[in-house]
Amino acid sequence: MDPRRAAVVAEQRARLLLLQHAHACAAAPGSCRASPHCGDAKVLWRHVCGCAGCAAPHCASSGVLMAHFCGCEDARCEVCGPVRRWLRRRKIG
Ligand SMILES: [Zn+2]
Ligand SMILES: [Zn+2]
Ligand SMILES: [Zn+2]
């Protein structure tokens, strides 16, 4: 895989993981020990769920990412595959 593509995939995967974590995480804002970005991701998750895509940071790209994740059935997808394995380990999602 070319390095630029690998970097994009790594970033998308990290964002998906963070969003999935935030969705399942019950920690109060600022008190999550899993990620310092958890609070931001919770806000982003709620925003993306109710938004059809606006100019806010990460809004449109996260919406595309989540729509892909929900519809993706490729077990070997380089973006979703590792995220699904992580979710199975955590028994959430
Ligand atoms: Zn959290
Ligand atoms: Zn938006
Ligand atoms: Zn996928």
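The following exchange examines the terms used for this predicted model and the values behind them.

Guide: Residues are numbered from 1 along each chain as its sequence is written. In this predicted model, local features need pLDDT of at least 70, side-chain atom pairs count only at pLDDT 80 or more, and totals for chains, interfaces and linings use all residues.

Visitor: What is the mean pLDDT of the chain?

Guide: The mean is 90, and 97% of the residues reach 70 or more, where pLDDT is the predictor's confidence in each residue, from 0 to 100. Among the elements, helix α1 (residues 3-24) has the highest mean, 93, and helix α4 (residues 80-90) the lowest, 87.

Visitor: How many helices and strands are there in the chain?

Guide: There are four helices and zero strands, the order from the N terminus being α-α-α-α. Helices (H or I, at least four residues) and strands (E, at least two) are DSSP runs, numbered from the N terminus.

Visitor: Why is the chain called as compact as a globular protein of that length?

Guide: Its radius of gyration, taken over C-alpha atoms, is set against the globule rule, 2.2 Å times the number of residues to the power 0.38. For 93 residues the rule gives 12 Å and the chain has 13 Å, which is close, so the description holds.

Visitor: What makes the span of helix α2 agree with its number of residues?

Guide: The expected span is 1.5 Å times one less than the number of residues. The 13 residues of α2 (residues 38-50) should therefore span 18 Å, and the end C-alpha atoms are 19 Å apart, which agrees.

Visitor: Why are the buried residues of α2 said to line one face of the helix?

Guide: A residue is buried if 20 or more other C-beta atoms, placed from the backbone, lie within 10 Å of its own, exposed if 12 or fewer, and partly exposed in between. In α2 the buried residues are Cys38, Ala41, Leu44 and Val48. Seen down the helix axis, they fall within an arc of 115°, so they line one face; the arc is that of the directions from the axis to the C-beta atoms. The face turned away from this buried side carries the exposed residues Val43, Arg46 and Gly50.

Visitor: What makes the largest nonpolar core a core, and which elements give two or more residues to it?

Guide: A nonpolar core is a set of buried Ala, Val, Leu, Ile, Met, Phe, Trp, Tyr and Cys residues joined through C-beta atoms within 7 Å. The largest has 11 residues, including Leu16, Leu44, Leu65 and Val83. Helices α1, α2 and α4 each give two or more residues to this core.

Key: Chains lettered and ligands numbered in written order.
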